[in-house]
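Here are my notes on the model you sent over. Have it open while you read, and go through the points in order.

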Number of protein chains: 2
Amino acid sequence: MNKRMATPGRAKISDVAKLAGVSPATVSRVLSRPGLVAEATRLAVMNAVSATGYRMNHAARNLRKQRTGSVVALVPNLGNPFFAKILEGMGRELARGGYDLLVADTLEGEGRHRTLERFLDPSRADGIILLDGLVPHADLDQRDDLPPIVTACEWIEGASLPRVMLDNREGGRLAVAHLRELGHGRIGIIGGPSQNVLHQARLAGAEAAAEGAQLVSFPGDFTLASGQAAADLWTAMPDATRPSAVFAFSDEMACAFMARLHQRGISVPRDVSVIGFDDIELASHLTPALTTIRQPKRDLGRAAAGIIIDRIAGREIAEVTLLVPRLMLRDSTAAPAGPAGGTDRA
Amino acid sequence: MNKRMATPGRAKISDVAKLAGVSPATVSRVLSRPGLVAEATRLAVMNAVSATGYRMNHAARNLRKQRTGSVVALVPNLGNPFFAKILEGMGRELARGGYDLLVADTLEGEGRHRTLERFLDPSRADGIILLDGLVPHADLDQRDDLPPIVTACEWIEGASLPRVMLDNREGGRLAVAHLRELGHGRIGIIGGPSQNVLHQARLAGAEAAAEGAQLVSFPGDFTLASGQAAADLWTAMPDATRPSAVFAFSDEMACAFMARLHQRGISVPRDVSVIGFDDIELASHLTPALTTIRQPKRDLGRAAAGIIIDRIAGREIAEVTLLVPRLMLRDSTAAPAGPAGGTDRA
DNA sequence: AAAATCGTTGTAATCGATTTCAGTCCAGTG
DNA sequence: CACTGGACTGAAATCGATTACAACGATTTT
């Protein structure tokens, strides 16, 4: 029953103004700073607004105010469940700050560079949260024609952009220290691409904690497929060199690794211990429940959001924000079966 | 070494025009319809463009052209890995059509209604793909001030909006038919919220295929937690009424169900068969590999994208697009252990 | 030789909201 | 009574790109 503009388009601010018998300026004021307007006028305008079903035109407002009211998060791959909770935390925090969160996929490889260029634009977003470390170094930190940027989770080596991330090194250290404590002396690592910053940091931590233990590398790229492949490699190794425990740099790889081993009749953790990284929601619902290094994902998202908000507002911010990882002890790790009658030695 | 606007802002079209010695109109033409401009002029303009580092202002363009060049997908929960592949297919198809895909989370519950209202706006998106069925019926299909909308996966009962979705009824039928064929006579159903459209359709299919078999309902809401809870209920049932097979309406519930049973020493599929729904990427990497009903997720995304593109272009479109489900036979289902010495009866 | 046409370019209006600046009106003050 | 100041409102400029329209020279047509 509303008396809306039956016309093709929608009511604009001047229509509302006309109906209320005031100027467009006044309508604008009622909508953005009601305090400036006399009570009676305000009511008249409000009535006109609802009578016309008026809704602001974003393009016009953005053009005039030179801001968009939204922050864009660029992720390398929406398919990765790992990002889900991060984005959730981010969205909530941004909402509190009055921003909308929009997520775009950089579609790894292919159009990556192009997608990035398209969104790195102050006329599209007030700020950018970059969760993809594989962007061409570019001079992202020097160009003056970009909106504020913060990198989260991954980061870009060499660029001086603010970063929010897990202490990945410490995470790697925790995992290997745990396996060492259980008594494992030969530890497999299913890592990421070798130039990946997360890979490097976690590996550094792992090496630091290895001490006497030997680390054996399996190729990986964080995907299920590579976890499965690692399982085949592991199975094919001679007993002498085969690690008694494996540290996968993502829960997905750990999951696929375990599943493949199970298919081949190998039992986790009896025959081999497995520890993952991330603590995705599913990790505790796997068989066996996966021991892993937890990233506080919601906090990470929240932190990144907080920082981008501050940067947009021109406030000073921390260059690096490190969150602390935590070992989630579950059922996929155990002491190694003695190499030849092990347990009695204890 | 680029000679960029050193000034606070960026070069605008008039700066480029000045440098190239032409009018802004010509620059605009070079950028959008180069064919209209003489070769020499075109080159001069291109040079000026790269010399100034000019980049178009989206807000201005959107305002003038009355379009945004992007499509917004509204999902109820970014955390659900199920959406990942759908969004991926969607993004690619939209890119081919010249649109950007932006994803926003409706943040189930809380701000849902508000988020929706914010994005349902032609000045924000040229089209909306709604993956959340729980929006207030609203008169979404009748209002003339909204951009084109298509619902995908879920849909809104009663509204006459175009829909793209799996044939959920058929999916339910396939699952139960499979279990029947294996010889299960009492089948548990871990469903969704009872008013959920997916739940209803799948249940209808399940019932249609049940024939003599008895269906036993467990409460569920598609989450891991509810799958786990169902496992506890199942375990607590007396042998006489306990189903020998369970059909979960999501892979996540199936996964949590299996993991919990495993913890309690119950073996799948020996003691109970489990079938899921969705075929998320992880499904084949679970232990045991999960038998499930596959949704062609990428196709679904692609189809939804295609339809919104057509709607935006004003072309006629199909009101309902049904994709066909497929049974993915893996290791979590098997014939029931004979109620009392079963197998010999065959 | 005049007229019509084509290719190319510039002028200026336009999209819709915000905001500066300059009033107008009225109450309070000296 | 003239003046200051405050509360409120409107006129008009502005954000930056697009595009309808007009204009111009050069060529082709009649």
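**Notes on the predicted complex**

1. Chain A has a radius of gyration of 27 Å, whereas a compact globule of 346 residues would come out near 20 Å. That radius is taken over C-alpha atoms, and the globule rule is 2.2 Å times the number of residues to the power 0.38. Along the principal axes, the C-alpha atoms of chain A fill a box of roughly 95 × 45 × 35 Å.

2. A word on conventions before going on. This is a predicted model, in which local features need pLDDT of at least 70 and side-chain atom pairs count only at pLDDT 80 or more, while totals for chains, interfaces and linings use all residues. Residues are numbered from 1 along each chain as its sequence is written, chains are lettered from A and ligands numbered from 1 in the order in which they are written, and side-chain values use heavy atoms, with hydrogens and water left out.

3. Back to chain A: its secondary structure comes to 11 helices and 12 strands. These are DSSP runs numbered from the N terminus (helices are H or I, at least four residues; strands are E, at least two). Of the 346 residues in chain A, 55% are buried, meaning under 20% relative accessible area with a 1.4 Å probe, protein chains only. Take the contacts (heavy atoms within 4.5 Å) between residues of chain A at least 6 apart in sequence: 71% of them join residues at least 24 apart.

4. Now the DNA. Which residues come nearest to strand C? They are A:I13, A:Y54, A:R64, B:T26 and B:T41, out of 25 around that strand; a residue counts if one of its heavy atoms lies within 4 Å. Of the strand C atoms that come within 4 Å of the protein, 63% belong to sugar and phosphate.

5. Strand D is surrounded by 24 residues, the closest being A:T26, A:T41, A:R64, B:I13 and B:R64. Here sugar and phosphate make up 64% of the strand D atoms within 4 Å of the protein.

6. Have a look at A:R64, which is listed for both strands. A polar atom of its side chain lies 2.3 Å from a base oxygen of strand C, and an N or O atom in the A:R64 side chain is 2.7 Å from a base oxygen of strand D. Both are polar contacts (a pair of N or O atoms within 3.5 Å). The backbone of A:A60 also reaches a base, with a polar atom 3.4 Å from a base nitrogen of strand C.

7. On the phosphate side, a polar backbone atom of B:I13 is 2.4 Å from a phosphate oxygen of strand D, and the side chain of B:Y54 has an N or O atom 2.8 Å from a strand D phosphate oxygen. For strand C, the side chain of B:T26 puts a polar atom 2.6 Å from a phosphate oxygen.

8. Which helices supply these surfaces? For strand D, α2 (24–32) and α4 (58–65) of chain A and α2 (24–32) and α4 (58–65) of chain B each give at least two residues, and α4(B) gives the most, with four. For strand C, α2 and α4 of both chains again each give at least two, but α4(A) gives the most, with four.

9. Last, helix α1 (residues 13–20) of chain B: B:D15, B:V16, B:A17 and B:A20 are buried. Their cover includes α2 and α3 (39–52) of chain B. Just after α1(B), B:G21 takes a positive phi of about 70°.

Note on methods. A polar contact is a pair of N or O atoms within 3.5 Å; within protein, one must be able to donate a hydrogen and the other to accept it, and residues adjacent in sequence count only if both atoms are side-chain atoms. Buried means under 20% relative accessible area, exposed over 50%, partly exposed in between (1.4 Å probe, protein chains only).
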